[in-house]
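Q: I have a model open on my screen and would like to learn how to read it. Could you walk me through it, feature by feature?

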Amino acid sequence: MEGKAARYGREFIRIDRWYPSSRLCPCCGWQVGKLALDVREWDCRQCGEHHDRDFAAALNILAEGIRLRSPNDVAAGLVDTRNDCEGQVRPGKAIPILAPPETSTAQAA
C-alpha cells in the first residue's frame, strides 16, 4: 500500500495494528466488546445505529488517519482543499459518513 500511494502521489498514514476499527461506532465512538469474526453486523448501544462491520472499519480507519495527520499540515495549508468532485472541503471540520452501496441514493451534483 505504501508503494502504491507513493506511485500515485497519495499520502500514506500507518495506523496502529491493534486499533479496534471494526468495533468502534463511527457515529459516536462507543466501543463494543469482543466480537467473533462471524459477526458481520452490530448495533451501537450508545446511539442505536446499526453497523456493517466492514463499513464501520473503513470509516474508523479514515477518521484515525485524519486524526494522525500532522496538525501543522492543516495550519500551513498543505492539505488538499478540494475533493475528487472539485467540491470545497475543510480539513478537520467533518468526517464523511458513507452509506452502504445498496442503500445509497446520492448522486453527484
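Q: In what order do the elements of the chain run from the N terminus on?
A: Start with the fold string. In this predicted model, the order is α-β-β-α-α. That makes three helices and two strands.

Q: How much of the chain is buried, and how much area does the chain expose?
A: Of the 109 residues, 19% are buried. The chain exposes about 8,700 Å², and carbon and sulfur atoms supply 51% of that area. For contacts, take the pairs at least 6 apart in sequence: 36% of these join residues at least 24 apart.

Q: Which residues make up the largest nonpolar core?
A: The general idea is that nonpolar side chains tend to be buried together in soluble globular proteins. Here the largest nonpolar core has five residues: Cys-25, Val-32, Leu-35, Trp-42 and Cys-44.

Q: What does Trp-42 touch, leaving out residues up to four places away in sequence?
A: Quite a list. Trp-42 touches fellow core members Cys-25, Val-32 and Leu-35. Its other partners include Trp-30, Ser-22, Arg-23 and Leu-24. From further along the chain come Glu-49, His-50, His-51 and Arg-53.

Q: There are cysteines in that core. How many disulfides does a search of the whole structure find?
A: First the idea: a disulfide is a covalent bond between the sulfur atoms of two cysteines. The search of this structure finds zero. Take Cys-28, which is in no disulfide: the nearest cysteine sulfur belongs to Cys-44, 3.6 Å away.

Q: Why is there no bond between the sulfur of Cys-44 and that of Cys-28?
A: Because 3.6 Å is too far for a bond; the cut-off for a disulfide is 2.5 Å between the sulfur atoms.

Q: Are Cys-44 and Cys-28 buried or exposed?
A: Cys-44 is buried, with 4% relative accessibility. Cys-28 counts as partly exposed, because its value is 36%.

Q: Where is Cys-47, and what is it in contact with?
A: Look at the loop between strand S1 (41-43) and strand S2 (50-52), where you'll find Cys-47. Leaving aside neighbours within four places in sequence, Cys-47 is in contact with Cys-25, Cys-27 and Cys-28. Cys-47 and Cys-28 are 19 residues apart along the chain, and their C-alpha atoms are separated by 6.7 Å. As for the surface, Cys-47 is partly exposed, at a relative accessible area of 37%.

Q: On to charges. How many salt bridges are there?
A: To read one, look for a side-chain nitrogen of Lys or Arg within 4 Å of a carboxyl oxygen of Asp or Glu. The count comes to four. One of them joins the side chains of Glu-2 and Arg-14, at 2.9 Å from N to O. This pair links distant parts of the chain: Glu-2 is in helix H1 (residues 2-7), while Arg-14, 12 residues apart from it, is in the loop between H1 and S1.

Q: How accessible are Glu-2 and Arg-14?
A: Glu-2 is partly exposed at 46%, whereas Arg-14 counts as exposed at 59%.

Q: Which residue forms a salt bridge with Arg-40?
A: That's Asp-54, and the closest N and O atoms are 2.7 Å apart. Here again distant parts of the chain are linked: Arg-40 is in the loop between H1 and S1, Asp-54 is in helix H2, and the two are 14 residues apart. Arg-40 is partly exposed, with a relative accessible area of 38%.

Q: What about Arg-67 and Glu-64: where are they, and how far are they separated?
A: Both are in helix H2, and because they are three residues apart there, about one helical turn separates them. They form a salt bridge, with the closest N and O atoms 2.8 Å apart. That side-chain pair is also a polar contact.

Q: Are Glu-64 and Arg-67 buried or exposed?
A: One of each. Glu-64 counts as buried because its relative accessibility is 10%, below the 20% cut-off. Arg-67 is exposed, at 57%.

Q: What does Glu-64 touch beyond four places away in sequence?
A: Glu-64, in helix H2 (residues 53-68), touches Ile-15 and Tyr-19.

Methods. Residues are numbered from 1 along each chain as its sequence is written. This is a predicted model: local features need pLDDT of at least 70, side-chain atom pairs count only at pLDDT 80 or more; totals for chains, interfaces and linings use all residues. Side-chain values use heavy atoms; hydrogens and water are left out. Helices (H or I, at least four residues) and strands (E, at least two) are DSSP runs, numbered from the N terminus. Buried means under 20% relative accessible area, exposed over 50%, partly exposed in between (1.4 Å probe, protein chains only). Contact means heavy atoms within 4.5 Å. Accessible areas come from the Shrake-Rupley method with a 1.4 Å probe; for residues, only the protein chains shown count as cover. A polar contact is a pair of N or O atoms within 3.5 Å; within protein, one must be able to donate a hydrogen and the other to accept it, and residues adjacent in sequence count only if both atoms are side-chain atoms. A nonpolar core is a set of buried Ala, Val, Leu, Ile, Met, Phe, Trp, Tyr and Cys residues joined through side-chain atoms within 4.5 Å.
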